[in-house]
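Reader: I am new to this structure, and I would like to learn how to read its sheet and its helices. Could you take me through them slowly?

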Amino acid sequence: MREVSRADVVLSGYGPVGQAFVEYLARQGDELARRHGVRVSVGAVRASSAQCLLREGEPVPPRSAWTPPVSLEETLDRTAARVFVQAIPSSPELRLHAAEEALVALRRGVHVVTATKSHLLSHWRDLDEAARAAGSMIRISGATGAALPAGDLAGTSLRGLGCTTIRACPNGTATFVLDRLAEGDSLGEAIREARRRGTAEADPSSDLSGADAATKVRLLAALAWGWDPASVQVRAEPVDEGTSRAALDAVSRARRLRAVASASLDEPHLVRVRLEETEPGDPLHALVGPEKAVVFGCPEAGDVIVSGGRSSPLGAALALVKDTIEVTAPRTGFL
């Protein structure tokens, strides 16, 4: 029988993604341990104004039972955590806080697994240097496409394959809205339907402006080519009221309009997001509704394509689970 090691985790952020992370581990912890040889246990949950410490197998108590937060250093020591998991919002207001906490963990030799994007854009070099100095790791699958494993491909699986371009529809909301526009919906109707289905957030401006897609490709380019995301320029074409006609025109020619984010070694440190008519046979043309895809252009090896992956709090939580197992599970044999 496989020996099972233990991986205690401190979780920062207890919104929908953080809650889904905790709930999934509670349901599937035994099966994950059996399959992967590591038992992931949440030892503490931290929010902006409170935290709770947990014994193994203990559920997260109501917020009224949480206590005032202590320093992250003390929490990491008290839990003997091997991994610090970040599920706080990717907002400008929390960027510095997210960066500071990730640096604290990395410098103490604690691995960081994050679905938060903001500090990755501004503090990539600092985080990388801290991790290398202490021998710790950072994994960002939840920030590059939720359950879509594009970050894994960009960071490790493409090594030696000569990837020169990235072309992606990494934002499911934009794809869904464009498909609804092609069916004759107004922009407002398309957004309302996306919200009703849980595809769009209350404020979809980042999705429709191209900012979110650009962010994900900036991060993929950083993993694939070593670009510093802070130095990458973005030129984005938004989905707006004037897009309806273009979507209808495209479908009349058996094409589909897509918000395509791209980067190329021929244009260093530039990410473009453009509304493109895609033809049958194009992997981005085949997407339906909120689906996502990334095409890594490798001239000699051939294109490497990844598509699918749930865009939801559970999808992001599963990415956090996957990354946590990846940095803690024993590696022998085929594993």
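Reader: What is the order of the strands in the open sheet, and which pairing does the sheet have?

Author: Two strands pair if DSSP finds at least two bridges between them, and strands (E, at least two residues) are DSSP runs numbered from the N terminus. Here the six strands of the open sheet follow the order β3-β2-β1-β4-β5-β6, with mixed pairing. Because β3 (51–53) and β6 (138–139) each have a single partner strand, they stand at the edges, and one side of each lacks a neighbour in the sheet. The model is predicted, so that local features need pLDDT of at least 70 and side-chain atom pairs pLDDT 80 or more, while totals for chains, interfaces and linings use all residues. Residues are numbered from 1 along each chain as its sequence is written, and side-chain values use heavy atoms, without hydrogens and water.

Reader: How many bridges join β4 to β5, and which residue stands opposite Phe84?

Author: Four bridges join β4 (residues 83–86) to β5, and the two run parallel; Phe84 stands opposite Val112 in β5. Val112 also stands opposite Ile138 in β6, and β5 (residues 111–114) runs parallel to β6, joined by two bridges.

Reader: Are the residues on the faces of β5 buried or exposed?

Author: Buried means under 20% relative accessible area, exposed over 50%, and partly exposed in between, with a 1.4 Å probe and protein chains only. Both faces of β5 are covered, since His111 and Val113 on one side, and Val112 and Thr114 on the other, are all buried.
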